[in-house]
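Grab a pencil and work through these exercises with the model open beside you. Each task is followed by a worked solution.

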Amino acid sequence: MPLMGARTKNILSGDLSSPEALVIQELSGVRRLSWLPVFEAATYVVSRSENVDGPFAPIAEAPDTTYDDSEALPGLRYFYRITAKAGF
């Protein structure tokens with residue numbers, strides 16, 4: 001049974017595609033998220049929820065295609081959404 005799920009979403013203003021192939025690894029004290037890059041994305045907004053349908057709250061803005069969620073509580077199931085953000 002998975003500990004968490006994932007969703008991706010396009011940014012409001014752009015033609016950027018959603019990041020794909022989100023992988024979540026349980027490491028010592030952190031959950032490492034990684035995904036494939038999106039062409040012309042400047043950063044990625046990482047959002048998290050305890051429910052599959054949200055609400056999702058932004059927890060970080062990552063400059064590349066990985067993020068370590070060190071604030072996730074052990075034993076809780078989280079759902080993540082990654083949003084590609086263009087640099088304007």
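**Exercise 1.** In which loop is P19 found? Then decide how covered P19 is.

*Solution.* Start with the ground rules. This is a predicted model, where local features need pLDDT of at least 70, side-chain atom pairs count only at pLDDT 80 or more, and totals for chains, interfaces and linings use all residues. Residues are numbered from 1 along each chain as its sequence is written, and side-chain values use heavy atoms, leaving out hydrogens and water.

Step one: P19 lies in the loop between β1 (4-9) and β2 (23-27); strands here are DSSP runs of E, at least two residues, numbered from the N terminus. Step two: P19 has a relative accessible area of 2%, so it is buried (under 20%; exposed is over 50%, partly exposed in between, with a 1.4 Å probe and protein chains only). Step three: look across to Y44, which is 25 residues away along the chain, yet the two C-alpha atoms are separated by 8.8 Å.

**Exercise 2.** Why is the pair of W35 and Y44 called edge-to-face?

*Solution.* First, the rule: rings of Phe, Tyr and Trp (its six-membered ring) pair if their centres lie within 6.5 Å; planes under 30 degrees apart are stacked, over 60 edge-to-face, and the rest tilted. That gives two aromatic pairs. In one of them, the rings of W35 and Y44 have centres 5.5 Å apart and planes at 65 degrees, so the pair is edge-to-face. Y78 and Y80 form a tilted pair, with 6.4 Å from centre to centre and 55 degrees between the planes.

Now check burial. W35 and Y44 are both buried, and so are both Y78 and Y80.

**Exercise 3.** Over which ring does the charged end of R48 sit?

*Solution.* Go to Y78: the charged end of R48 sits over that ring, 4.7 Å from its centre. The test asks for NZ of Lys or CZ of Arg within 6 Å of the ring centre and within 35 degrees of the ring normal.

**Exercise 4.** Which side chains of strand β6 are buried, and which are not?

*Solution.* Begin with the general pattern: in a regular strand the side chains alternate between the two faces of the sheet. In β6 (residues 66-69), Y67 and D69 point to one face and are buried, while T66 and D68 point to the other and are not. Next, find the partner: β3 (residues 30-34) runs antiparallel to β6, joined by four bridges (strands pair if DSSP finds at least two bridges between them). Opposite Y67 in β6 stands L33.
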